Amino acid sequence: MPGNDLDALAAELFKTFARFEYALKATEFHKGDGAAEANWRTFAESVAASFEKPAHEEFAQAIAYMLDNPPKKQIVEGGVL
């Protein structure tokens, strides 16, 4: 059933995201004392050079694809989503 495939993909995405977020916090990309929150901005700044001058052609192609085909963004216009 197609719905089950989508559910499985969604569960896999959630698990992968949760692991990545934990890894950020565990490697000190967190916001300091208090609630354990990943510091995405600090992480992004630490890897920015990898995107400016990719070491591998396949990575450069992936970056070019994402820049040429950015994800769609939901907007609200006139109170309508």
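## A tour from Asn-39 to the aromatic cluster

Start by selecting Asn-39: its relative accessibility is 17%, so Asn-39 counts as buried, the cut-off for that label being under 20%. Keep in mind as you look around that this is a predicted model.

Now colour the helices. Asn-39 sits in the loop between α1 (2–26) and α2 (40–52). To see what surrounds Asn-39, show Phe-29, His-30 and Lys-31: these are its contacts once neighbours within four places in sequence are left aside.

Next, turn on the aromatic side chains. There are 5 aromatic pairs to find here. Begin with Phe-20 and Phe-43, whose ring centres are 5.6 Å apart and whose planes meet at 80 degrees, so this pair is edge-to-face. Phe-20 belongs to helix α1 and Phe-43 to helix α2, so the pair ties together parts that are 23 residues apart in sequence.

Are these two rings buried or exposed? Phe-20 is partly exposed, at 38% relative accessible area, and Phe-43 is also partly exposed, at 22% relative accessibility.

Stay on Phe-43 and bring back Phe-29, which you met beside Asn-39. The Phe-29 and Phe-43 rings have centres 5.5 Å apart and planes at 85 degrees, so they too form an edge-to-face pair. This pair links distant parts of the chain, 14 residues apart: Phe-29 is in the loop between α1 and α2, while Phe-43 is in helix α2.

For the last stop, select Phe-17, Phe-20, Phe-29, Trp-40 and Phe-43 together. Ring pairs join these residues into a cluster.

Methods. Residues numbered from 1 in each chain as written. Predicted model: local features only at pLDDT ≥ 70, side-chain atom pairs only at ≥ 80, totals over all residues. Heavy atoms only, no water. Helix = DSSP H or I, 4+ residues; strand = E, 2+ residues; numbered from the N terminus. Buried < 20%, exposed > 50% of the residue type's maximum accessible area, 1.4 Å probe, protein only. Contact = heavy atoms within 4.5 Å. Phe/Tyr/Trp six-rings, centres within 6.5 Å; stacked < 30°, edge-to-face > 60°.
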